[in-house]
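This report concerns aromatic rings, the charges placed over them, and enclosed space in a protein model. Please read it alongside the sequence and the coordinates shown below.

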Amino acid sequence: MDAALNAALAGPRGANPLVGAVVLSPEGEQLAVGYHRGAGTAHAEADAIIEARRKGVDLAGTTMVVTLEPCNHVGRTGPCAAAIIDAGIAKVIYAVDDPHDPAAGGARTLQAAGIDVKAGLEAGRALDLNREWFDAVAAKRPFVTLHIAQTLDSRIAAVDGTSQWISSPESLADNHGLRGLIDAILVGTGTVLIDNPRLTARSSDGEPALHQPLRAVMGLRDVPQDAAVRGTDGRFIHLPTRNPAEALSTLFDQGVRHVMVEGGSSILSTFLAADLVDELIVYLAPTLLGSGTPALNDLGISTLADAQHWSWDEAGGGSVRPLGNDLRLHLRSTRAAATTTKNSLPRSEAAEYVTGGH
């Protein structure tokens, strides 16, 4: 399970949980490792099976150790429970149940097929690995990534309003790579009226990426009919509200499971103040302005005791990475997830291991 948890960290956070899987021989030898690389790619279980077959491993009678209950539904990929059954794997040990209703039930399907199923191994660590995702699923809202491109002194624009380009070309390319993975990108009406952004995902040569996020604009002001964000592909939505929870609820109803919030200090601060951000990605440029637009407005915090605290996130490439002249900082929320943890412990009929232990 240690190897599976470590493998899971190689994947990106977002609409899907971080999941790792390891295939063991009947003697306990590690044969293959897999992890989920993001929406639309093979799930960790299927990835491990593919790796084992690539090595010529006979999977009959083997054991799979996985950080989350194998899924039981058809989405962009097939059900992992069926893949495990078809592979001839004899035993599955997983950490925590899948709380997502359409995907749940994999353990029962495996047991019905005669596979020995055990749950609860290192459940505490597995829950912590995806606590933000569990929170989002429980709240029936999208997973929220907040993106900030700022100077060393936390400015996102100069006094005259210029902001292109604070970030390095490498940071911009990384951001467009993220846009190609998310379901929606959200900005405020102020950003649209001032910057007139396209909010599209583009490749390094400037061409549109294959996958384009839904372009969402939040605010009470009208979005001009000739605004670039409207585009011509129908992938645009105006959310006439200043309430971030309401905006997320609408996006969730539209099928959005991962949204990236960008734009000015007003919308960034609104989501942070509402404690609705799961992941922070900050591009820090080695630049000083001394004045200009701050990255954040008042968050309603008047004492250090009430400060928001974030932890460094090693998932998806590490917590701190150089990108050109910039630093890319990756952080995760430290909000409590007690209710989620309680609701996500393994079901009694499958559980054998004690939470957090072997």
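Three nonpolar, three polar and two charged residues make up the lining of the largest cavity in this predicted model. The residues concerned are Arg13, Gly14, Asn16, Leu18, Asn130, Glu132, Trp133 and Phe143. The volume of the largest cavity is about 40 Å³, and the count of cavities of 30 Å³ or more comes to one. In general terms, a probe the size of a water molecule, rolled over the atoms, reveals where empty space remains.

Trp133, one of the lining residues of the largest cavity, also takes part in an aromatic contact with Phe134. How many aromatic pairs does the structure hold? There is one aromatic pair. Trp133 and Phe134 meet edge-to-face, with 5.3 Å from centre to centre and 65° between the planes. The angle is over 60 degrees, and the pair is therefore classed as edge-to-face rather than tilted.

Are the two partners buried or exposed? Trp133 is buried because its relative accessibility of 7% falls under the 20% limit. Phe134 has a relative accessible area of 2% and is likewise buried.

Charged groups of arginine residues also lie over aromatic rings, as the table sets out.

| Charged residue | Ring | Distance from ring centre |
|---|---|---|
| Arg37 | Tyr35 | 4.1 Å |
| Arg257 | Phe252 | 3.7 Å |

Arg37 is placed over the face of Tyr35, while the ring of Phe252 has the charged end of Arg257 over it.

Note on methods:
Residues numbered from 1 in each chain as written. Predicted model: local features only at pLDDT ≥ 70, side-chain atom pairs only at ≥ 80, totals over all residues. Heavy atoms only, no water. Phe/Tyr/Trp six-rings, centres within 6.5 Å; stacked < 30°, edge-to-face > 60°. Buried < 20%, exposed > 50% of the residue type's maximum accessible area, 1.4 Å probe, protein only. Lys NZ or Arg CZ within 6 Å of the ring centre and 35° of its normal. 1 Å grid on protein atoms, 1.4 Å probe; cavity = no way out; pocket = protein on both sides within 12 Å on 5 of 7 lines; lining within 4 Å. Points joined across faces, edges and corners; volume = space filled by probe spheres on them. Nonpolar A, V, L, I, M, F, W, Y, C, P; charged D, E, K, R; others polar.
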